[in-house]
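Trainee: Could we go through this structure together, slowly, with each term explained as we meet it?

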Amino acid sequence: SLGQTKTPRGVGVRRQVQARQAAPNRDMLLFPGFANSFHVVATPRGALRVAPVTMVTRADVLVIQNKGGGHGEIGFHLAQHLVSRGDAVTILHEGDGPNPKEAHRAYGELPSDVKVIWGGDLSEAAACLAKLEGASFSAVVDNWSKSPEAIAPYATAAKAWGVSNYAYVSSAGMYTPDKGDYGAVGEECAVKSSGQRQAEEKIAEMGLPFSYFRPQYIYGPAQGKSYLAFFFDRITRGRPVPVPNGGDQLVTMTHAADNAAMVAAAVGNEAAVGEAFNCATPSLVTYDDLVRLCAGAAGKECEIAHYDPAGFDKPDGFKYKFPFRDTPFYVSADKASRLLGFSPAHSIADDISWYYSEQYVAKGGLDKELDFAEDDVVLGRVPA
């Protein structure tokens, strides 16, 4: 069935209720360092600005970084966080050097004392580890591996170095909640045996002091994929925005700097060892309210058109894809708040105007030629 509602430029954003310390001012970022000390770093909405902090204990951190995908921006922000508190950072980066992607160009903005080694094909682990020229590290953050075979040689090296932490960035996509269970997903939820899950199991079997970080939907100034372009494309062109089912499904969108802050909080932190963490913001928003946020940022009215995802026939070659799942799927960040002192500095509600101007308009979103014929199929306005 299809329901249509005209909506004014209003918005409502929900937050998970959780027992945690009061969040700092949204323009400040709080993360723990060593010796139970805390460091505050001022941040504007769209990007992270880091001030140097003198630390009693200095960690030598190796960040193994992928060349793109949803995690592509985390390594950049992570390096900023770690250097700001006095850690030494080396990034072993997939690929042969900066390319046109945003996350790669951003590395030129890192402090000069961050060492970036372009490793080429990181699956050639022996050759990549040789590029470290015999250096050893006290902690590793792996934001590249996606299988047990990929992670094993780097984990072996980390074990030889005697690292205090091996933080592995995997994915919340491995969760398999019970059918009809649409509440916040905790780390204890059942998971499928994906390559990333098998990589998690591998470093546990090897006896590494592991922590797993499972992100969901990420955005930021150097993002690759834009989850909100789907909404802006339609709003700015006076089109109805198709939203599956009732539109009250909750979702989290986390700024990459907040993902990085959580991971940084685990480095040198014994409380993180042996734990899995949902790497996401506690801020929740419904699909319908996300559409309204986008409309407000664009200065437009919006028409939300609800549809039944199973209520139409898909013709051959059908490519329409809503940016999120049809049913609610969001994680709880309570554990990271409790064990790591994590509190996000950003929310999509606060960042939406920046997102529209810098991530949509500035990148040519208004100039794209788009065909919405498949929307009409979804909404039942033309025969399939």
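Mentor: Let us begin with a term: contact means that heavy atoms lie within 4.5 Å of each other. Please also keep in mind that this is a predicted model, in which local features need pLDDT of at least 70 and side-chain atom pairs count only at pLDDT 80 or more, while totals for chains, interfaces and linings use all residues. Residues are numbered from 1 along each chain as its sequence is written, and side-chain values use heavy atoms, with hydrogens and water left out.

Trainee: What share of the contacts in the protein chain with a separation of 6 or more comes from residues 24 or more positions apart?

Mentor: The count takes the contacts in the protein chain that have a separation of 6 or more and asks which of them join residues 24 or more positions apart. The share of such contacts is 80%.

Trainee: How many helices and how many strands are there in the protein chain?

Mentor: Helices (H or I, at least four residues) and strands (E, at least two) are DSSP runs, numbered from the N terminus. Counted in this way, the protein chain has 11 helices and 17 strands.

Trainee: Which strands stand at the edges of the open sheet of 7 strands?

Mentor: Two strands pair if DSSP finds at least two bridges between them, and this open sheet has parallel pairing in the order 7-6-5-8-9-10-15. Each edge strand has a single partner strand, so one side of each is left without a neighbour in the sheet. The edge strands are strand 7 (115–120) and strand 15 (275–279).

Trainee: Which residue of strand 8 stands opposite I64?

Mentor: Strand 5 (residues 60–65) and strand 8 run parallel and are joined by 5 bridges. Opposite I64, in strand 8, stands D142.

Trainee: Helix 7 (residues 256–266) packs on the sheet, but what angle does its direction make with that of strand 15?

Mentor: Axes are lines fitted to C-alpha atoms, for helices over the stretch in contact, and angles run from 0 to 180 degrees between N-to-C directions. Helix 7 touches strand 8, strand 9, strand 10 and strand 15. With the direction of strand 15, that of helix 7 makes about 160°.

Trainee: How many residues of helix 1 (residues 74–84) are buried?

Mentor: Buried means under 20% relative accessible area, exposed over 50%, and partly exposed in between (1.4 Å probe, protein chains only). Helix 1 is mostly covered, and the buried residues include I74, F76 and L82. The number of buried residues in helix 1 is 11 of 11.

Trainee: With which residue does D87 form a salt bridge?

Mentor: A salt bridge is a side-chain nitrogen of Lys or Arg within 4 Å of a carboxyl oxygen of Asp or Glu, and the structure holds 10 of them. D87 counts as buried because its relative accessibility is 2%, and its partner counts as buried at 0%. With N to O at 2.8 Å, the partner of D87 is R85.

Trainee: How many residues apart are K368 and D233?

Mentor: K368 and D233 form a salt bridge whose closest N and O atoms are 3.0 Å apart. The pair links distant parts of the chain, with K368 in the loop between helix 10 (348–361) and helix 11 (373–378) and D233 in helix 6 (residues 229–235), and the separation is 135 residues.

Trainee: Which element gives the most residues to the largest nonpolar core?

Mentor: A nonpolar core is a set of buried Ala, Val, Leu, Ile, Met, Phe, Trp, Tyr and Cys residues joined through side-chain atoms within 4.5 Å. The largest has 40 residues, and L290 and F324 are among those with the most contacts inside it. With 8 residues, the element that gives the most to this core is helix 8.

Trainee: Is E133, which has a positive phi of about 55° although it is not a glycine, buried or exposed?

Mentor: Most residues other than glycine have a negative phi. E133 lies in the loop between helix 3 (125–130) and strand 8 (139–143). Because its relative accessibility is 69%, E133 counts as exposed.
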